[in-house]
Amino acid sequence: MNYRKFGTITDKISALGFGAMRLPVEGEDKHIDEAEAIKMIRHAIDSGVNYVDTAYPYHAGESEIVVGKALQDGYREKTYLATKCPVWEIQKEEDFERILDEQLSKLQTEKIDFYLLHALDKDRLENKIKKFNLIWHMEEAKKAGKISYIGFSFHDELPVFKEIVDCYDKWDFCQIQFNYINTDYQAGLEGLKYAAGKGIGVVIMEPLLGGRLANPYENVAKVLPAEKQPVEAALDYIWNYPEVALLLSGMSTMEQLEDNLTYASRSGVGMLSESELRMYDEAKRVFDTQALVRCTKCAYCMPCPASLNIPEIFEVYNKSAVLGEQKAKELYEELEVKASECLSCRHCESECPQHIMISEVMKDVSKVLQTA
C-alpha cells in the first residue's frame, strides 16, 4: 500500500479508502451479505488500507452495523473510521448528540476518527448547520472525545463549496466528488485545490462516477490509455493530484477489492505525463457529448412511492445515446415500472446529491423510450 499526506493531520493515510456504501448484498431484499462484507473489509485492512468510510443511511442503516462488526477483533485499532452526521434528520439541537451516540453504538466504538456533516449544500448550510449550531456541536463532541476530526461532504456548486470552506477556520478535512469527468462539476478541480490550499485534507468520492467509468462508453474507452483497465485509468487520474489525500471506492466483490489494491500499490503523485492528461481531457469531451443524466446510482432517491427504479431507468436512458434508441427501447421494455408512472411528487429530487430534476427527466425518458 502507498500512503499519502492527509492535510495537516497525518502523512500516513492509505491511497485507497474502503467505502461502505456499495457492500455485497444477497437475496431479493438486497440485505448486506454480512460474512462477505466483513471478510472484504478485514482483507483490505490486512493489505494496508487504513481508512474505512460509512454513513448513517448507507444500506438502509445496515452499513454502520456491519462496519462495526468488521472492526472487532483488533481491526478497529488498525483503522481510521469515518462516518457522517445525517443533517437532514436533525430537527432540534439535541438530535445531534442523540444520533452521534446511536452511531457510536452501532459502530461498537467509543470514538469516530473522521466525522462529517453529510452532503452539504446551500440549503443545509443555512437551515441545518447554522440554524442548529452544528459546528459548535461538532466541537463539543471533539472535546468530549467522541470524534477526532471535523469535516463535511459536499454536493452543490463551487461558490457554495468555497462559502462552506470559509465559514469555519478549523475544518480538518472535506469530501468531494471528483473524477476525470467531474473536473468542472460541483467542487471540481478548483474546489480541490482551494480546500487543499487551506491545509484541509481532501477525500475523493465517486472516483468511478457510480461505476460508469468502470465500464465507460466504447468511444470513451478508446481514448483512454490502452495498457490500463478503465478502472485503473480512472483512479490514476485522481491519485496523480498532490492535493488528494485519498480516494474512496465502494467495492462490492472481492475481485474489485483485489484489483483496487493492485492499482493503489502502483499509485503516486505526478504519475501521469502531459500526453496522458490530454487523453483524459479528450475522454471527458467525448463522455459529455453522450451523457444524458448525471446519475451515479447512489440510490438516495429510493425507494420511490411509485415503485420506479430510478437509477436503473436512468442507466437505460443513458445507454440510448450509445447503443441507439432501438436497443435502449428493448432494455426499457424489460423494466417492471416505466418512467410514465412517475407521480411528480419530487421527493426524490430533494434527496438527489446531483440535483437532477428527476420528475422532468422522467418525461423525457417516456418520450424517447416508451413504445406505447
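**Exercise 1. Describe the surface and the overall dimensions of the protein.**

Solution. The protein exposes about 16,000 Å², of which carbon and sulfur atoms supply 48%. These values, like those that follow, come from a predicted model. Turning from the surface to the interior, 56% of the 372 residues count as buried. The C-alpha atoms fill a box of roughly 60 × 50 × 45 Å along the principal axes. The next step is to compare the radius of gyration with the expectation for a compact globule: for 372 residues that expectation is near 21 Å, and the protein has 20 Å, which agrees. The secondary structure comes to 15 helices and 12 strands. Finally, of the contacts between residues at least 6 apart in sequence, 75% join residues at least 24 apart.

**Exercise 2. Determine how far apart the mean positions of the positive and negative charges lie.**

Solution. The protein carries 43 positive and 61 negative charges. The mean positions of these two sets are 3 Å apart.

**Exercise 3. Establish how many disulfides the structure contains, and examine Cys 167 and Cys 298.**

Solution. A disulfide is a covalent bond between the sulfur atoms of two cysteines. The criterion applied here is a pair of cysteine sulfur atoms within 2.5 Å. A search of the whole structure finds 0 disulfides. For Cys 167, the nearest cysteine sulfur belongs to Cys 174 and is 12 Å away. For Cys 298, the nearest cysteine sulfur is that of Cys 352, 6.3 Å away. As to their surroundings, Cys 167 counts as partly exposed because its relative accessibility is 35%, whereas Cys 298, with a relative accessible area of 19%, is buried. The cut-off for buried is under 20%.

**Exercise 4. Characterise helix α9 and identify the elements against which its buried residues pack.**

Solution. Helix α9 spans residues 230-239, and 9 of its 10 residues are buried. Among these buried residues are the charged side chains Glu 232 and Asp 236, together with Leu 235, Tyr 237, Ile 238 and Trp 239. The buried residues of α9 pack against the strands β1 (3-6), β3 (16-19), β11 (201-205) and β12 (244-250). They also pack against the helices α10 (254-265) and α11 (274-290).

**Exercise 5. Contrast the settings of Asn 318 and Glu 333.**

Solution. Begin with location: Asn 318 is in helix α12 (residues 310-323), and Glu 333 is in helix α13 (residues 325-333). Next, consider accessibility. Asn 318 counts as buried because its relative accessibility is 5%; Glu 333, at 39%, counts as partly exposed. Then list the contacts, leaving aside neighbours within four places in sequence. Asn 318 is in contact with Arg 212, Tyr 217, Gln 290, Ala 291, Leu 292 and Val 293. Glu 333 is in contact with Lys 338, Leu 369 and Thr 371. Lastly, the C-alpha atoms of Glu 333 and Gln 370 are separated by 7.9 Å, although these residues are 37 apart along the chain.

**Exercise 6. Locate the cis peptide bond from Met 302 to Pro 303, and the positive phi angles of Glu 206 and Ser 307.**

Solution. The peptide bond from Met 302 to Pro 303 is cis, with omega near 0 degrees. Pro 303 lies in the loop between α11 and α12. Ser 307 also lies in the loop between α11 and α12. Although not a glycine, Ser 307 has a positive phi of about 70 degrees, and at 52% relative accessibility this residue counts as exposed. Glu 206, likewise not a glycine, has a positive phi of about 55 degrees. Glu 206 lies in the loop between β11 and α8 (218-221) and, at 13% relative accessibility, counts as buried.

Methods:
Residues numbered from 1 in each chain as written. Predicted model: local features only at pLDDT ≥ 70, side-chain atom pairs only at ≥ 80, totals over all residues. Heavy atoms only, no water. Helix = DSSP H or I, 4+ residues; strand = E, 2+ residues; numbered from the N terminus. Rg over C-alpha atoms; globule rule 2.2 N^0.38 Å. Buried < 20%, exposed > 50% of the residue type's maximum accessible area, 1.4 Å probe, protein only. Contact = heavy atoms within 4.5 Å. Areas by Shrake-Rupley, 256 points an atom, 1.4 Å probe, with all protein chains shown as cover. Charge placed at Lys NZ, Arg CZ, Asp CG, Glu CD.
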